[in-house]
Amino acid sequence: MTRLAVRLAFGGGREQWVRLAVSAVGVALGVVLLLLAAVVFPALRAHEARDAWLHTSAHNARPAQDETRTDPLLLRVRFDGYAGKDVVVAEVAPLGPRAPLPPGLSRLPGPGEVAASPALARLMRQVPGDQLADRFPGRITGTVGDAALKSPDALVVFVGHTPAELRGKPFVDEVRSIESQGFSVALSRFGRMVLALGGAALLMPVLVLIGTATRLSAARREQRLAAMRLVGATPRQIRLVAVVETVIGAAAGTLLGFAAFAVARPFAAHADIDGSPFFPADLRLSWWAAVLIGSGAPVMAGVAALVSLRRVQVSPLGVTRQATPARPSWRRLIPLAASTALFAASLPVLVAAGGEGPLWMMAGALTLLIAGILVAGPWLTMGVGRLLTAVSRRVPTLLAGHRLTGNPAAGFRAISGLVLAVFLVTMASVATSIAVTPVADPGQELLPASSVGAQFLYHGDPLPPAGQANALSARVRAIAGVTGLLDLRWPAAAPPTGSERALTVVTRCAGLRAAGLAGCADPAAVVSLDARPLGNGIIQGIGPAAAGTAPERLPVFGVLVSTDGRRSTMETVRTAIERAVPDPVWLPWTGDEVKAQNHAQADQWTRIGDAVLLAALLMAGFSLAVSVAGGLVERKRPFALLRLAGMRPADLRRVLLAETAGPLVTVALASAALGMAVVSYIAWVSGARWQPPDPSYWWILGGGLALSLGVAMAVTTPLLGRLTSLETARFE
């Protein structure tokens, strides 16, 4: 019987080959997306592992060397920047010949020597020295290997010093080993919840896509198998034939999916999920994930084929009689209502609980919610059909309404992928909007993106004296493109210790005016402000200073330089500050870098949301096109009869459009409302500040639905014309 099933699978002519090819492509697309999802977390773990050395301290959690057999190493890791990207600056000074060696180095650079990553070395050769290379004086004598680089374009430099140059400086650690345990940046509780829920929801469109692809022309297959029942085939033999035929296409699609994944992996490595691209080797597929996906896709296809045969199993004539399927009742809303109530009741308890278990339970609750949408979908589709029938004034709309009313399950099956995608995209969009909260509160001023700032402060250490500060101001003002300088001076006799509730500094009002932070009638007036949040790009507490204060006679606390916004100007200013103030505690930063840092998590949510949106719409659009095309092939006879009866091809296209667009828009809007309610409820329970979705969401939602519908109609229009043409309308 198996040999017969194989012969039937490949011997059905051109139509059978097309059906197998489309099924294989659909399964391949689902497999590729599953494989890409399976390598995301290993890739993120690889980033964390290669970043572990950045967290080296005197008390490493997992030392890479035996500390009893090494000499000490003076190490200081700081972060500079260029063009919005971090530049990791690691300063080293060995205290013996057996000092531990950081990853990526074959030897430690000596005094006056520098080892740079390939991307940084290339950049230092491309841009003028006063914009970057002058910050790291010395000869480049080595290259930093991949083991110390988070990504291929990482900017990392090791600068060699003598022990006397580093000893006693701020943030310098004396270590005997290098940390090898990756530091995992934990998401907020709200972020982890939504990420777990989105992961569970992302699997559902993939399942719908694979099921839709394997059910292509299911009715034609059922008719052929029912004929076999009439000539004596047993139900078991029928199931075997159907499963073999389906698994052949699914197996071919699985192999095609693995091949496509191998081709796509180098391109997928450029994806920016956590702020940096990946090395292709980071996208490692574990053996258990490969086995699970490789065997799971054909199994899912076989199950979908068995489900499509449920009518054939009743009797040999179960298909040929074309029995009207039972209409769904309002009871289909019970699972959706029950899962919604369960989710709402359990969420506060799960939020209060700790650990990872509640996140998995929450993902399971969302899975039940999605299952409720799938169960209730046919009932909603039937309601749309009744509405079309009631308000219809034209034949195409009336036919579409009767079609949806007579077989709502088939009508919903075509749009189920897009409905789930809308639910998922809505959750991602609302979650991203909630994550993007205002950084500055009332009474605070955000620094301009085109500014360059520096803060010379360490607990108890003296600040640069007035003479050095004045020389720095004169040097920076002389740089072409500098439009103003906010010179922040420390008015107290003793240096700050870090225990102050506010860091009150003074400056001339002219600097505030140049930075666009405040308006003053007298530019020469001296004002005070609280500079504690200066590192976060915020200035607050602007007010009058004490009478008789002369900022030019005070030590410098920090500077804020206004520029014309050109990258060359900003980087030249940053280099000048680093050279003018030897060994600054905090390296200078730019306003756009501070803004990016403040919104780092929100930007990460946006990147993840965009990836999810692309994958979901891709799956749903293909699923819709396959479903509409498959339904058209299954109904070739009635459409051809309508054409012979005098209906125009344009009216036939309107029938397809109405029976697809009507339930799609209605159920998609209901799904979007539910997704928005779910994430808003999660935010309320988690204590996050609710924000409406970004206006672009509505364009994405409408554009995605319109694009998917347009692609489906574009695919089926030529097929409709061929199947209903007068030359091919022949019936036995």
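**Figure 1. Leu-485 stands opposite Val-561 in strand β13.** This close-up comes from a predicted model. Strand β13 covers residues 556–563 and pairs with strand β9. The two run in the antiparallel sense, joined over seven bridges. Strand β9 spans residues 482–489. Seven of its eight residues are buried, which leaves β9 mostly covered.

**Figure 2. An open sheet is built from six strands.** The strand order is β4-β3-β5-β2-β1-β6. Pairing within this sheet is mixed. The edges are held by β4 (139–143) and β6 (173–175). Each of these two has a single partner strand, so one side of each lacks a neighbour in the sheet. On average, neighbouring strands are turned by 30 degrees against each other, direction ignored.

**Figure 3. Strands β3 and β4 pair in the parallel sense.** Strand β3 comprises residues 113–116. Four bridges connect β3 to β4. In one of the bridged pairs, Ala-116 is matched with Thr-143 of β4. Strand β4 is also an edge strand of the sheet.

**Figure 4. Helix α4 lies across five strands of the sheet.** The helix is formed by residues 118–126. It lies across β1 (73–82), β2 (85–94), β3, β4 and β5 (155–160). Relative to β5, helix α4 runs at about 85 degrees.

**Figure 5. Two loop residues, Ala-83 and Phe-171, have positive phi values.** Most residues other than glycine have a negative phi. Ala-83 has a phi near 55 degrees. Its place is in the loop between β1 and β2. With a relative accessible area of 38%, Ala-83 is partly exposed. For Phe-171, phi is near 65 degrees. Phe-171 lies in the loop between α5 (163–166) and β6. Its relative accessibility is 39%, so Phe-171 counts as partly exposed. Strand β6, which borders this loop, stands at an edge of the six-stranded sheet.

**Figure 6. Four residues form a nonpolar patch on the surface.** The members are Trp-287, Trp-288, Val-291 and Leu-292. Together they have about 540 Å² of accessible area. Val-291 sits in helix α9, which spans residues 287–308. A relative accessible area of 48% makes Val-291 partly exposed.

**Figure 7. Met-647 is a buried loop residue.** The loop lies between α19 (636–644) and α20 (649–686). Relative accessibility at Met-647 is 14%; buried means under 20%, so this residue qualifies. Neighbours within four places in sequence aside, Met-647 is in contact with Val-395, Leu-399, Leu-642 and Leu-652. Val-395 is 252 residues away from Met-647 in sequence. In space, the C-alpha atoms of Met-647 and Val-395 are 9.5 Å apart.

**Figure 8. The protein chain as context for the close-ups.** The predicted model has 732 residues in its protein chain. The chain holds 21 helices and 14 strands. Buried residues make up 48% of the chain. Among contacts with a separation of 6 or more, 80% join residues 24 or more positions apart. The accessible surface of the chain comes to about 33100 Å². Carbon and sulfur atoms account for 63% of that surface.

How values were computed: Residues are numbered from 1 along each chain as its sequence is written. This is a predicted model: local features need pLDDT of at least 70, side-chain atom pairs count only at pLDDT 80 or more; totals for chains, interfaces and linings use all residues. Side-chain values use heavy atoms; hydrogens and water are left out. Two strands pair if DSSP finds at least two bridges between them. Axes are lines fitted to C-alpha atoms, for helices over the stretch in contact, and angles run from 0 to 180 degrees between N-to-C directions. Contact means heavy atoms within 4.5 Å. Buried means under 20% relative accessible area, exposed over 50%, partly exposed in between (1.4 Å probe, protein chains only). Patches are made of residues with over 30% relative accessible area and no salt bridge: like charges are joined within 9 Å, nonpolar side chains (Val, Leu, Ile, Met, Phe, Trp, Tyr) within 5 Å. Accessible areas come from the Shrake-Rupley method with a 1.4 Å probe; for residues, only the protein chains shown count as cover. A salt bridge is a side-chain nitrogen of Lys or Arg within 4 Å of a carboxyl oxygen of Asp or Glu.
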